[in-house]
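Ready for some practice at reading a protein model? Grab a pencil and try each exercise before you peek at its solution.

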Amino acid sequence: MNFNIDLTGEFVAFFVLAVCAIVGAVLALNFTKVVHMAISLAFTFISLAGLYVVLDAEFVAFVQVLLYVGAITILMIFGIMMTKHQGEGQEPTRPLLETLAAIGCLCLLGILIFAIRDADFPTEVGNLPADSTREIGKLLFTQMAIPFELVSVLLTVAFIGAIALAKKEEDPQ
């Protein structure tokens with residue numbers, strides 16, 4: 001295995017943003033207050049947008065910021081304000097489950113490192129179009145129209161399911 005890494009500015013930025021995204025995600029899972037969860041989730045989304053910029057995907061970064069950081073975070077805050085979310089205290093600790101989850105995460109990390117180190121990535125990237133937004137739009141409305149519509153239906157069904165689950169939790173019966 002070859003573990004030589006060129007320490008360029010791009011690599012350092014990628015590493016810092018990746019760590020920020022992971023820390024934000026872990027904090028979102030571990031916070032008990034919903035507002036703190038939403039803020040840490042927004043931190044993760046911003047870090048992901050930075051990763052997209054580092055990877056020369058500016059359009060995806062723009063969409064990430066526009067949709068996730070803006071709309072979903074605001075939607076989350078409205079949801080928090082409209083529901084009667086109250087702190088229900090601390091959940092009981094589950095040391096066995098947490099230990100098993102940590103072992104599973106370490107195994108997954110090892111598998112990912114092994115798979116990435118053995119993967120053959122192409123060194124030459126084809127010529128990127130000058131106007132990538134136009135090319136993405138053409139691709140979405142020609143070759144990827146059906147998967148695009150299926151994803152929108154899936155997201156709508158997931159949204160309706162989330163509302164149904166939230167309404168069900170409010171009923172005391």
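Below are five exercises on this predicted model, each with a worked solution.

**Exercise 1. The overall build**

Work out how many helices and strands the protein has, and in what order its elements run.

*Solution.* Start with the count: the secondary structure comes to 6 helices and 0 strands. Next, walk along the chain from the N terminus, and you read α-α-α-α-α-α. Now check burial: of the 173 residues, 12% count as buried. Finally, look at contacts between residues at least 6 apart in sequence: 56% of these join residues at least 24 apart.

**Exercise 2. Checking an annotation against the model**

Find the stretches that UniProt lists as "transmembrane region", then say how much helix two of them, residues 12–31 and 95–116, hold in the model.

*Solution.* First, the record: an unreviewed UniProt entry gives residues 12–31, 38–55, 61–83, 95–116 and 144–166. Then turn to the model. Residues 12–31 are 95% helix and 0% strand, and their end C-alpha atoms lie 28 Å apart. For residues 95–116, you get 100% helix and 0% strand, with 31 Å between the end C-alpha atoms.

**Exercise 3. How two helices pack**

Decide whether helix 1 and helix 2 run roughly parallel or antiparallel, and describe their contact.

*Solution.* Begin with the axes: helix 1 (residues 9–30) and helix 2 (residues 34–54) come within 8 Å of each other and cross at roughly 160 degrees. Angles over 145 degrees count as roughly antiparallel, so that's what this pair is. The crossing of helix 1 past helix 2 is left-handed. Who touches whom? On the helix 1 side the contact includes E10, F14, L17 and G24, while on the helix 2 side M37, S40, T44 and L51 are among the residues involved. Sorted by class, this contact has 15 nonpolar, 5 polar and 1 charged residues.

**Exercise 4. Buried or exposed?**

Classify I22 and Q64 as buried or exposed, and place each one in its helix.

*Solution.* Take I22, which sits in helix 1. Its relative accessible area is 56%, and the cut-off for exposed is over 50%, so I22 is exposed. Along the chain, I22 and T44 are 22 residues apart, yet their C-alpha atoms are separated by 7.1 Å.

Now for Q64, which belongs to helix 3. Its relative accessibility is 7%; buried means under 20%, so Q64 counts as buried. If you leave aside neighbours within four places in sequence, Q64 is in contact with F45, L48, A49, Y52 and V69.

**Exercise 5. An odd backbone angle**

Say what stands out about the phi of D56, where D56 is placed, and whether D56 is buried or exposed.

*Solution.* Look at the backbone: D56 has a positive phi of about 60 degrees, although D56 isn't a glycine. Then locate D56: you'll find it in the loop between helix 2 and helix 3 (58–82). Last, accessibility: at 52%, D56 counts as exposed.

Methods
Residues are numbered from 1 along each chain as its sequence is written. This is a predicted model: local features need pLDDT of at least 70, side-chain atom pairs count only at pLDDT 80 or more; totals for chains, interfaces and linings use all residues. Side-chain values use heavy atoms; hydrogens and water are left out. UniProt positions are given in the numbering used here, feature names are shortened, and annotations may be inferred rather than shown by experiment. Helices (H or I, at least four residues) and strands (E, at least two) are DSSP runs, numbered from the N terminus. Axes are lines fitted to C-alpha atoms, for helices over the stretch in contact, and angles run from 0 to 180 degrees between N-to-C directions. Angles under 35 degrees count as roughly parallel, over 145 as roughly antiparallel, 65 to 115 as roughly perpendicular and the rest as oblique. A crossing is left-handed if the near helix is turned anticlockwise from the far one by less than a right angle, and right-handed if clockwise. Contact means heavy atoms within 4.5 Å. Ala, Val, Leu, Ile, Met, Phe, Trp, Tyr, Cys and Pro count as nonpolar, Asp, Glu, Lys and Arg as charged, and the others, Gly among them, as polar. Buried means under 20% relative accessible area, exposed over 50%, partly exposed in between (1.4 Å probe, protein chains only).
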